[in-house]
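Hi,

Here is the structure we talked about. Please open it and keep it beside this email while you read.

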Amino acid sequence: MYLLKLSLQVSHVMGAIKTQSPLPRTFSRGIQTVTLIPGDGIGPEISTAVMKIFEAAKAPIQWEERNVTAIKGPGGRWMIPPEAKESMNKNKIGLKGPLKTPIAAGHPSMNLLLRKTFDLYANVRPCVSIEGYKTPYTDVDLVTIRENTEGEYSGIEHLIVDGVVQSIKLITEEASRRIAEYAFEYARNNQRTSVTAVHKANIMRMSDGLFLRKCREVAENYKDVKFTEMYLDTVCLNMVQDPSHFDVLVMPNLYGDILSDLCAGLIGGLGVTPSGNIGANGVAIFESVHGTAPDIAGKDLANPTALLLSAVMMLRHMGLHGYAKKIETACFDTIRDEKVLTKDLGGNAKCSEFTADICRRVQDMD
Amino acid sequence: KHTTIMMATLTKAFKPILGRQLGNTAKLFPGLSCTCNTPTECLFIVYLQPPPAKYGGRHTVTLIPGDGIGPELLNHVRELFRFSCVPVDFEVVHVNSASTSEDDINNAIMAIRRNGVALKGNVETNHTMPPNHKSRNNLLRTSLDLYANMMHCQSLPGVQTRHKNIDIIIIRENTEGEYSNLEHESVSGVVESLKIITRNNSLRIADYAFRLARDKGRRRVTAVHKANIMKLGDGLFLQCCKEVASGYPDIEFDSMIVDNTTMQLVSKPHQFDVMVMPNLYGNVVSNVCAGLVGGPGLVPGANYGRDYAVFETATRNTGKSIANRNIANPTAMLLASCLMLDHLKLHDYANMIRGAILTTMNETRLHTVDIGGQGTTSEVVQSIMRIIQSGGPLTTEI
């Protein structure tokens, strides 16, 4: 009975779409293997911190570390190493640290490669104000869902004549429908009351018009969730004045990029914001969205909060709500206490001290 | 005055010959002052803007009421001007947003070409209409080549906001970029929208930004872009900005990616001074900044072209939900009319009205609903008129 309840919970949390194959039932009693990609710069330190905290919480997670430096596959196309790809496809869940994009390496950014390899079409960023980390905005509780594969970031650009450049923004029916469906599923499964589509259809009539039409069509099937449409500029204006009006926002790529970073800024920056990428075939990669911070790499000064909160998001996705709550509460308590904070949060403790404090709180809870 | 007319005729005569040498960079843009010491110096470096339509000492300005709160706010502007005896006559041109023919907007454009200056409300765009029905506002901007949108965001002391003492100038390219209206559906279900960036327009807007910064004594210009993803498009924009920056060594230049910019704006807005950017990012950033200083009812905006200038509220909202209820905030539109008076060189009137507006805003606390008060539009306007009358100049009866 317990097994049944847990497996039902699992398929409902992060919006499992009906057409997808159900998530593998290796959780509940057994240990779930998760692919861990430490990343570059401060990546390894914060990954170690997260692993330590999970160990202290006795979470049933086994980590499989993999590296994702780009390699040239057969046919000359850049790809991620096959071991990493295989591991991800087997485990379906991944946790990723920051990856650096070398400027003149000749290959596209690693994040782009990962996105293309696993068809990560939705980027989900829940932004909730953190008690204890004061920002001018105190009542933020919204989720931005951004279409991650097309739109303005299609990468198709041409030099028409010398001095005139054309960039193409691609909007397709399929991708718009997919992201709209994901957004509504997410809203339904996480008890969210409304979904707002953000667009600029007064100017980009056909492209954003298509996106809106698809959203409206999908909204018909989800009558329990309220659907509204708002212009991008109105959203920006209102977001900065009163963010409590917003719930779930769904939008194409560029607007999503700008708005999700805007919302991250409202709660305190990229150092405390979790993020998850959902792909086709049940793959989900959770990541920290900050940079690699090469200037503090290896000095035990990094803040693991972003990666930790993304890992908590991952636990919720897998249905391990108890562990997720425990670790999240410990993390927020440490920040609220303000005794052991890393430099970017306003204190001067080391990363290891911060981690140890969270581990202690987690163990005390048991 | 005679030298000005002489210079104008001479410049026009010499222009075909000197045209190529003068090039784009020799033009002076409206909104900026020019100090020429000798007529000959002016001849070679100044291309004068066409003089405003000034007959009998009075200027004529085109007025486009628009939709939503536009008509009522512009009525208040006219009332205030009449009361303060401002020598400006308005030629009203209505643009019907529901009609599909472009005659209305073409009439408006013709009127602006005639008068040189306009004050407008926002014309609503119904986005369920087919794509060939273009946004009227956009059509106006591109036909008149109003390439620079300038918005000065300043915190007003009487208004409660989360961030204090913000002072940012935003310059947004107004004609190209994502607003090119070039879209097509090559395959069913796949729509392509083109974003155009040209070297000429980028150089032009960057030049405007730097000249404005120098004119107003600003120290830094920040270019906002997304060149890490749109390498050719925004890369070209950034490159043009850098080229222009090298000609202004006294002004610092840096660049920032748009998502980082929005994040910094909500956490540390005081690091920004003057910002220059392409069209869409300008839309986002200007709305974020307007929100930071207190909302859409407080910030005026100006669209400058080489020959024409159109003034409106910065965030271009129609305000349909608050139309005709006497609760709209008239500050943005009134400040925009002051910008217009400055452009017409009626500085005394502009300063008088602006002073009265700021006094009403800061001291008497007669705030409208959008900034947390309970005042009505007419109360605010009455208060401004009372302050002007008490200031002593000639006015009509209230």
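This is a predicted model. Chain A splits into two parts: domain 1 (31-100 + 109-123 + 272-365) and domain 2 (136-267). Note that domain 1 of chain A is written as three stretches of sequence. I looked at how the two domains meet.

First, the layout. The centres of domain 1 and domain 2 of chain A lie 26 Å apart, taken over C-alpha atoms. At the interface, 11 residues of domain 1 of chain A contact 11 residues of domain 2 of chain A. Together the two domains of chain A bury about 990 Å². Carbon and sulfur atoms give 52% of that area.

Which residues of domain 1 of chain A lose the most area to domain 2 of chain A? They are A:Arg115, A:Tyr121 and A:Asn123. These residues make up 56% of what the domain 1 side buries.

Now the polar side. The rule finds one salt bridge across this interface. Try finding the salt bridge between the side chains of A:Asp119 and A:Arg178, at 3.0 Å from N to O. Four residue pairs are in polar contact across the interface, both residues at pLDDT 80 or more.

Finally, the elements on the domain 1 side. Strand 6 (120-128) and strand 13 (274-279) of chain A each give two or more residues to the side that touches domain 2. Strand 6 of chain A gives the largest share, four residues. By type, the domain 1 side has six nonpolar, three polar and two charged residues.

Best wishes

Technical notes:
Residues are numbered from 1 along each chain as its sequence is written. Chains are lettered from A and ligands numbered from 1 in the order in which they are written. This is a predicted model: local features need pLDDT of at least 70, side-chain atom pairs count only at pLDDT 80 or more; totals for chains, interfaces and linings use all residues. Side-chain values use heavy atoms; hydrogens and water are left out. Domain bounds come from an automatic or database domain assignment. Contact means heavy atoms within 4.5 Å. Buried area is the accessible area (1.4 Å probe) that two parts lose on being put together, summed over both. A salt bridge is a side-chain nitrogen of Lys or Arg within 4 Å of a carboxyl oxygen of Asp or Glu. A polar contact is a pair of N or O atoms within 3.5 Å; within protein, one must be able to donate a hydrogen and the other to accept it, and residues adjacent in sequence count only if both atoms are side-chain atoms. Ala, Val, Leu, Ile, Met, Phe, Trp, Tyr, Cys and Pro count as nonpolar, Asp, Glu, Lys and Arg as charged, and the others, Gly among them, as polar.
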